[in-house]
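Trainee: Could you walk me through one part of this model up close? I'd like to see how a pair of helices meets and what sits just past them.

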Amino acid sequence: MQSAHMIESAYFLSQFEDQWVLRLSFERELAEVSSECLVAMDGEGKILAADRVASRSLAREIGGGNLAGRQIGDVFDLSFEKLLDIFSRSSMVLPIRTQKTGLQMYGSLRCPQAISVKPLKQVEKPVSRSREVPVVGEPLTLDYLAGEDRRLKESVERIKRVMNKPIPILLNGETGTGKEMFAQAIHNASRRADKPFVAVNCAAIPESLIESELFGYKEGAFTGARSKGMRGKILQSDGGTLFLDEIGDMPASLQPRLLRVLAEREVTPLGGETPIPVDLHVICATHRNIMDMVAGGEFREDLYYRLNGVSFELPSLRERSDISRLISDVLTIEAGNSLESVTIDDEAMRVMSEFSWPGNIRQLRNALRYALAVCDKGIITCADLPVDVICPQDPKGQPAKALPRQAAAPLPETTEEEDSTPAVEEAVAGLSAMEQAERQVILDALQKHKWQVSKAVKEVGISRATMYRKMDKYAIIPPNKR
């Protein structure tokens with residue numbers, strides 16, 4: 001009878017996996033290990049179904065009849081909104097009383113397992129928790145990563161619909177756009193979250209080792225092999241998610257083997273003879289155009305279509321419509337959730353919002369880490385930003401081309417601490433707009449620190465030798481040498 005009841009409960013949970021399920025027990029001690037009653041509800045708190053025990057035990061609370069169609073507040077002494085609020089703040093088993101007779105039971109709430117079920121207004125409160133800025137090291141959710149950018153939010157909604165299906169996902173985007181963070185967030189939001197997430201950078205592993213890294217090997221497979229062999233990354237991700245970063249850099253010799261693993265769902269380690277079944281979900285990422293590689297014969301077409309079950313384009317930082325909010329969120333994370341004591345002034349925010357960010361999120365994080373280290377009084381100003389953000393240049397030392405909204409910098413105004421001799425004015429007049437802007441940043445830093453070069457170089461982020469060379473180039477003369 002116990003086995004039959006367990007099977008009935010498992011079937012009930014499977015049938016209503018897309019709905020809210022209230023799991024109830026009459027004894028607190030048993031509530032954490034088994035559920036005697038199950039009640040399924042939709043997003044408005046209306047009861048959709050109840051198992052045999054619940055139907056029999058709770059029928060008298062409504063004067064007989066079927067529980068289906070009733071509101072959960074008609075049966076218990078709390079509303080659906082209150083129920084969600086309680087369980088959003090605690091995952092413990094909590095006491096619940098029936099409305100009519102005061103019968104005390106102990107319950108826990110299971111959220112919808114299918115993300116495609118959109119919670120209605122009553123559940124907006126717990127859902128909004130995903131926009132809270134996490135601390136450093138805390139996993140980021142898909143909703144948080146999407147921010148307020150419309151295109152990304154649409155992509156995340158599509159991702160939620162396919163991530164629990166046997167459909168491989170391909171993430172495209174420039175370097176630094178957070179492809180691995182998105183892959184990790186997809187895994188954490190899926191039903192495989194309690195299984196391993198294994199990331200493999202196909203561009204970072206030498207070609208001679210990538211085969212053994214992916215497929216593993218048996219004892220004595222080759223000289224130098226471990227005595228007990230090794231389980232490859234594919235087998236390590238069994239039941240979980242295999243993330244293949246920079247899939248466009250996978251050696252051509254390994255592409256047929258990976259294709260076979262994906263097709264047969266089994267892997268044969270090096271030196272082995274018996275295939276081992278494997279259950280995996282594959283997410284790939286690349287910054288390269290795989291279709292161009294297919295056309296050029298660099299990537300197998302059949303493998304491409306095996307990996308590209310559905311593809312998503314992650315926009316670059318300069319393309320995002322919510323860049324100001326994203327900058328604030330990243331600052332909060334880097335500052336350790338102390339945004340109330342660290343802020344960005346309006347001019348610095350304008351400069352950062354208009355910057356092209358060729359390194360995307362990775363470059364933004366480094367820039368804010370630097371700014372946090374050198375800013376005073378908890379306010380980040382333009383003087384606290386790295387020089388390459390204030391005066392962007394390409395790798396050849398020329399002004400960057402990707403700043404369409406940045407106007408040419410005007411000639412710097414002379415200050416009471418700056419020499420305005422004809423020689424200085426002539427030297428400044430011959431500078432380009434970018435050089436004039438760089439000169440002003442250096443001059444501001446020197447004046448701020450009363451011409452102490454050791455402090456100014458730390459703020460600007462250059463060496464002392466470079467500082468003196470720039471001062472000579474831009475005719476910046478300390479007051480004591482005029």
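**A helix pair and its surroundings**

Mentor: Sure, and keep in mind that this is a predicted model. We'll take a strand as the way in. Strand S14 (residues 310-313) has two faces: Val-310 and Phe-312 make up the covered one, while Ser-311 and Glu-313 are on the uncovered one. S14 runs parallel to strand S6 (residues 169-172), and four bridges join the two. Look at Val-310 again: standing opposite this residue is Ile-169.

Now for the helices. H15 (residues 323-334) and H17 (residues 360-374) have axes that come within 10 Å of each other and cross at roughly 55 degrees. An angle of that size falls between the 35 degrees that bounds roughly parallel and the 65 where roughly perpendicular starts, so H15 is oblique to H17. The crossing of the two is right-handed. As for who touches whom, H15 brings Leu-326, Ile-327, Val-330, Leu-331 and Glu-334, and these meet Ile-361, Leu-364, Arg-365, Leu-368, Arg-369 and Leu-372 of H17. Sort the residues of that contact by type and you get eight nonpolar, three charged and no polar.

Follow the chain out of H17 and you reach Cys-375, in the loop between H17 and strand S16 (379-380). Is this cysteine buried or exposed? With a relative accessible area of 15%, under the 20% cut-off, Cys-375 counts as buried. Leaving aside residues up to four places away in sequence, Cys-375 touches Ile-380 and Asp-384. Ile-344 is 31 residues from Cys-375 along the chain, and their C-alpha atoms are separated by 9.9 Å.

How values were computed: Residues are numbered from 1 along each chain as its sequence is written. This is a predicted model: local features need pLDDT of at least 70, side-chain atom pairs count only at pLDDT 80 or more; totals for chains, interfaces and linings use all residues. Side-chain values use heavy atoms; hydrogens and water are left out. Axes are lines fitted to C-alpha atoms, for helices over the stretch in contact, and angles run from 0 to 180 degrees between N-to-C directions. Angles under 35 degrees count as roughly parallel, over 145 as roughly antiparallel, 65 to 115 as roughly perpendicular and the rest as oblique. A crossing is left-handed if the near helix is turned anticlockwise from the far one by less than a right angle, and right-handed if clockwise. Contact means heavy atoms within 4.5 Å. Ala, Val, Leu, Ile, Met, Phe, Trp, Tyr, Cys and Pro count as nonpolar, Asp, Glu, Lys and Arg as charged, and the others, Gly among them, as polar. Buried means under 20% relative accessible area, exposed over 50%, partly exposed in between (1.4 Å probe, protein chains only). Two strands pair if DSSP finds at least two bridges between them.
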